[in-house]
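Biologist: I should like to learn how to read a helix and the ligand surroundings in a model. Could you take me through one case?

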Amino acid sequence: MMVINTVLSVMAYDYPPEKLAVYLSDDGGSELTFYALTQAAMFSKHWLPYCRNYKIEPRSPAAYFKSASRPSNTKHDRDYIFVKKLFEEMKDRIENVTNSGRVPDELRLEHEGFSEWDSFTSPRDHAAIVKILLDHNDDNEGQSLPNLVYMAREKRPSHFHNFKAGAMNALIRVSSKISNGSIILNVDCDMYSNSSDTVRDALCFFMDEEKGHEIAFVQYPQCFENVTKNEVYGGSMRVLREVDFHGMDGNGGPMYVGTGCFHRRDILLGKNFDGESRIDWTLENDHNDTTENMIEEIKNLASCTFEIDTEWGKEMGLKYGCPVEDVITGLSIHCRGWKSVFYNPKREAFIGVSATTLDQILVQHKRWSEGDLMVLLSKYSPLWYGLGRVNPGLIMGYLMYCLWAPSSVPTLYYSIIPSLCLLKGVPLFPTVTSEWFLPFAYVIFAICAFDYLEFLWCGGTTRGWWNDRRIWLYKRTSSYLYAFLDTILGSDLSFVISSKVMDNDVKARHEKEIMEFGVASPLTTTVATIAMLNLVCLLRLVMKSMLMDTTTRRVYYETMAVHVVLCAALVALNMPLYWALFVRKDNGKIPDSVTIKSVILALFISIIFYLL
Ligand SMILES: O=c1ccn([C@@H]2O[C@H](COP(=O)(O)OP(=O)(O)O[C@H]3O[C@H](CO)[C@@H](O)[C@H](O)[C@H]3O)[C@@H](O)[C@H]2O)c(=O)[nH]1
Ligand SMILES: [Mn+2]
């Protein structure tokens with residue numbers, strides 16, 4: 001249903017439907033998805049006229065019916081009830097089929113497309129499937145509908161599929177034979193369009209008479225509907241959206257982030273900037289009527305052998321070999337001389353779902369930081385390749401992300417060593433009475449204050465900032481650390497897909513803003529061990545200082561001030577983690593195995609350090 005809502009929302013853009021074509025790439029090659037899409041095609045005949053007639057927003061039916069109140073106008077209300085009923089019925093049908101795990105035989109007769117699954121062996125081993133579900137059919141008011149195409153590219157165990165980049169490139173080729181629009185919007189399956197003006201807005205940039213010809217892509221920010229008020233996982237990316245990306249925009253344009261992005265097709269295919277290549281807007285899309293012959297030809301474009309000995313994935317289309325195919329593709333476009341635009345309208349253009357457990361966010365950030373570090377070390381490194389090709393400001397913008405993984409090392413140092421030094425009273429920083437203390441105090445204070453104000457200014461809450469700091473720490477000492485180690489030690493890349501579905505238990509805790517630890521993974525163990533280590537050091541400090549006389553205590557705190565502040569701040573940040581270690585009983589608490597490991601490790605490290 002989530003995918004179907006995404007599809008329907010983009011079909012319903014306020015834009016001439018005969019110029020729109022919507023493609024769904026189903027990398028899972030699932031007949032359930034295909035079934036859902038056939039249902040969406042039928043429902044769209046009612047949904048699109050309804051959207052058009054009443055100018056409703058948003059145009060994802062699920063999001064609309066969740067937020068809309070019953071219309072006061074009688075005709076509208078009648079239509080509302082009718083369309084809502086159709087939607088609920090479709091939802092029931094799709095959920096029934098999904099729950100049963102297969103499409104029943106009598107339903108398979110409804111569409112000849114299901115025969116494609118007769119020869120289907122597994123999601124990893126099947127022929128290409130391309131089905132045109134709507135080919136300028138009329139809606140129930142006689143107006144044209146956009147094209148609607150289902151594609152599952154060929155998958156064979158013998159051929160590497162290159163994850164999302166592979167899927168996107170197959171889509172680019174397949175669409176070139178069917179609609180061949182000069183502008184391509186790509187949207188992740190879990191991000192619906194929240195504003196029907198978005199296509200027209202984006203086109204304004206491309207059509208701008210002065211600057212339009214320089215622009216390769218228009219990137220909208222990623223917004224999320226399931227982030228709670230105080231964002232326990234720091235998932236809102238608000239500073240990135242309200243500050244960082246505007247900064248990149250002023251220096252040549254934002255990165256491409258893989259979703260909510262309009263690309264010029266010719267540039268995505270590898271065209272260099274020559275200062276005058278404008279889109280010929282007078283050209284009609286070559287809407288060929290697709291015959292059976294053509295479908296065979298099109299399937300060939302989605303076969304896994306098509307790219308052999310071609311430039312696809314290298315100089316053409318999205319680039320392969322990097323877990324952040326989007327960033328490296330966008331960077332190469334910038335390096336070819338093009339600009340991009342960041343557009344962040346008041347009404348969010350795309351809304352998706354963000355991670356709802358700690359493990360998900362850590363895994364996602366491991367992929368991102370590892371990918372960004374690979375970009376730094378790749379041919380397209382912003383440092384070496386970008387220098388001289390793009391604005392130095394933009395290089396710095398890219399570096400902010402490319403250096404995520406290496407930043408784990410200093411963070412790890414500061415979250416362990418100063419605290420351990422407390423055990424024996426070895427000062428690493430100047431004492432409070434020395435003038436050298438000032439720079440340290442200034443940096444600590446200034447960074448925290450700046451960060452805090454920036455967060456508030458971007459619409460966050462104080463608690464949200466505090467939570468954000470915690471996630472900042474966890475990401476740096478686990479995701480980024482492992483990403484860094486994996487990259488230097490050269491382990492294999494993978495695209496672990498973020499989970500899109502969550503059970504009710506997890507959902508309830510998420511709504512209450514209780515952090516979900518749940519999974520026993522090396523990432524959680526690392527985070528828990530560091531938290532325990534700091535707790536041990538702080539408890540030891542408290543015990544020690546109780547035994548001291550007043551003067552010794554004062555001198556001790558003066559010399560160890562920075563250590564005490566760091567250690568206490570880390571313990572304060574980790575409060576929810578201690579709670580999840582020792583108090584909580586629900587399924588989201590830290591698993592016992594992790595508790596035992598982290599306590600033993602923390603004690604072991606501190607004893608060793610103490611004895612050294
Ligand atoms: O083998 C694959 C893996 C993923 N996808 C699709 O890629 C999209 C993004 O995957 P998701 O698991 O949601 O990843 P995120 O961590 O949310 O991805 C973010 O980061 C990625 C890498 O930088 C970008 O590609 C995404 O657009 C961006 O949303 C989804 O629509 C997937 O269906 C595929 O088609 N094939
Ligand atoms: Mn996603």
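Modeller: The following exchange treats one helix, two annotated residues and the shell around a ligand. Please keep in mind that this is a predicted model.

Biologist: Where does helix α6 lie, and what span is expected for it?

Modeller: The expected span rests on a rise of 1.5 Å a residue. Helix α6 covers residues 163-178, and for its 16 residues the expectation is 22 Å. The distance from its first C-alpha to its last is 23 Å, close to that value.

Biologist: How many residues of α6 are buried?

Modeller: A residue counts as buried when 20 or more other C-beta atoms lie within 10 Å of its own. By that criterion twelve of the 16 residues in α6 are buried, and the helix is mostly covered. Among them are Met168, Leu171, Ile172 and Val174, together with Asn169 and Arg173.

Biologist: What is to be noted about the backbone just after α6?

Modeller: Asn180, just after the helix, adopts a positive phi of about 50 degrees.

Biologist: Which residues does the UniProt annotation "binding site" cover?

Modeller: According to the UniProt record, an unreviewed entry, they are Lys164 and Asp188. These residues span 25 positions in sequence, yet their C-alpha atoms are no more than 9.9 Å apart, so they gather at one spot.

Biologist: Is Lys164 buried or exposed, and where is Asp188 found?

Modeller: Lys164 belongs to helix α6 and counts as buried because it has 20 C-beta neighbours inside 10 Å. Asp188 sits in the loop between β4 (183-186) and β5 (192-193). With 19 other C-beta atoms within 10 Å, Asp188 is partly exposed.

Biologist: Which residues does Asp188 touch, not counting those up to four places away in sequence?

Modeller: Such contacts link Asp188 to Gly258, Thr259 and Gly352.

Biologist: Which residues come nearest to ligand 1?

Modeller: There are 17 residues around ligand 1, and the nearest are Phe163, Lys164, Asp188, Gly258 and Ile497. Both α6 and α12 (358-377) give two or more residues to this shell. The largest share, three residues, comes from α6.

Biologist: How is the shell around ligand 1 made up by class, and which domains supply at least three residues each?

Modeller: By class, seven residues are nonpolar, five are polar and five are charged. Domain 2 (160-278 + 290-305 + 312-354) and domain 3 (414-611) each supply at least three residues to the shell. In summary, the annotated Lys164 and Asp188 are both among the residues that come nearest to ligand 1.

Note on methods
Residues numbered from 1 in each chain as written. Chains lettered and ligands numbered in written order. Predicted model: local features only at pLDDT ≥ 70, side-chain atom pairs only at ≥ 80, totals over all residues. Helix = DSSP H or I, 4+ residues; strand = E, 2+ residues; numbered from the N terminus. Expected span 1.5 Å × (residues − 1). UniProt positions renumbered as here; feature names shortened; annotations may be inferred. Contact = placed C-beta atoms within 7 Å. Near = placed C-beta within 6 Å. Nonpolar A, V, L, I, M, F, W, Y, C, P; charged D, E, K, R; others polar. Domains from an automatic or database assignment.
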